[in-house]
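Colleague: I have a new model open and would like to learn how to read its charged side chains. Could you walk me through it?

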Amino acid sequence: MSMFNRIFGKPKEQANSNALATLDKLNETLDMLEKKEKVLEKKAAAELERAKEFSRAKNKRAAIQSLKRKKLYEQQIEQLGNFQLRIHDQMIMLEAAKATTETVDALRTGAAAMKAMQKATNIDDVDKTMDEINEQTENMKQIQDALSAPLGASADFDEDELEAELEELEGAELESQLLEPVAAPPVHPVHVPANKQPARPAPQKATAEDDELAALQAEMAL
């Protein structure tokens, strides 16, 4: 049985607890590997410096030995890098499985709640309720129709005959309006205030030239 199936086969609380404990353990291991990697990097760098010193001192054998130890450290560093990569992959898979478990559990809870609500609401009860509503609606409609029906003598009136009579009255009223003479609009006198009466031109006084002109015209007439 795979780890995924084992997680789903356990109760939610236990699965979450195991997943969290595993993630904590993986994180601790990852931190340990990173610290060890840093130590090996320092050792490799130190061996490289020793090789340079031996080379400057013309000690070829010692320089080669330092380079060999540097290579061994680098191999260990590469191995630790692969370990860290696998741990990261495992953590990603575990977190994805945990998220999937929680999602399925939430869906299962929702399905159970929906099933409980469906049990509480029987389809037969729904049909019965809808039939009662339709029946009450029909009864109310019949009551309203009964209340709006004409009573007494008005029940014997012919609606078409009344409509025709109304149209005849409207036509006669329109014809009467067309035959009426059109009355001229009333003329309203314009009142001018006393202090604004048009001023008459004042008679002009005769001048000496006018007197001479009159005398000349009289002589010509003789």
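Colleague: Which side chain does Lys 52 meet in a salt bridge?

Modeller: Happy to help, and please keep in mind that this is a predicted model. To call a salt bridge, look for a side-chain nitrogen of Lys or Arg within 4 Å of a carboxyl oxygen of Asp or Glu. Here Lys 52 meets Glu 49, with 4.0 Å from N to O.

Colleague: Where do Lys 52 and Glu 49 sit relative to one another in helix α2?

Modeller: Lys 52 and Glu 49 are separated by about one helical turn, because they are 3 residues apart in helix α2.

Colleague: And are these two side chains buried or exposed, or something in between?

Modeller: For that, read the relative accessible area: under 20% is buried, over 50% is exposed, and partly exposed lies in between. Lys 52 has 38%, so it is partly exposed. Glu 49 is partly exposed as well, at 41%.

Colleague: How many salt bridges does the structure hold?

Modeller: There are 6 salt bridges. One of them pairs Arg 50 with Glu 47, at 2.9 Å from N to O. Both partners belong to helix α2, which covers residues 12–56, and their spacing of 3 residues is about one turn of the helix.

Colleague: How does the accessibility of Arg 50 and Glu 47 read, buried or partly exposed?

Modeller: One of each. Arg 50 counts as partly exposed because its relative accessibility is 37%, whereas Glu 47, at 6%, counts as buried.

Colleague: Which residues are linked with Arg 50 in a network of salt bridges?

Modeller: Glu 47 and Arg 69 join Arg 50 in that network.

Colleague: What is the salt-bridge partner of Arg 108?

Modeller: That is Asp 105, and the closest N and O atoms of the pair are 3.7 Å apart. This pair lies in helix α3 (residues 60–120), and about one helical turn separates Arg 108 from Asp 105 because they are 3 residues apart. Asp 105 has a relative accessible area of 17%, so it is buried.

Colleague: Now for charges outside salt bridges: which residues gather in a patch of negative charge on the surface?

Modeller: A patch takes residues with over 30% relative accessible area and no salt bridge, and like charges are joined within 9 Å. In this model, Asp 124, Asp 125, Asp 127, Asp 131, Glu 132 and Glu 135 form the negative patch. Take Asp 127 as an example: it is part of helix α4, residues 123–148. Its relative accessibility is 40%, so Asp 127 counts as partly exposed.

Definitions and conventions
Residues are numbered from 1 along each chain as its sequence is written. This is a predicted model: local features need pLDDT of at least 70, side-chain atom pairs count only at pLDDT 80 or more; totals for chains, interfaces and linings use all residues. Side-chain values use heavy atoms; hydrogens and water are left out. Patches are made of residues with over 30% relative accessible area and no salt bridge: like charges are joined within 9 Å, nonpolar side chains (Val, Leu, Ile, Met, Phe, Trp, Tyr) within 5 Å. Accessible areas come from the Shrake-Rupley method with a 1.4 Å probe; for residues, only the protein chains shown count as cover. Lys and Arg count as positive and Asp and Glu as negative; His and the chain ends are not counted. The place of a charge is taken as NZ of Lys, CZ of Arg, CG of Asp or CD of Glu. Helices (H or I, at least four residues) and strands (E, at least two) are DSSP runs, numbered from the N terminus. Buried means under 20% relative accessible area, exposed over 50%, partly exposed in between (1.4 Å probe, protein chains only).
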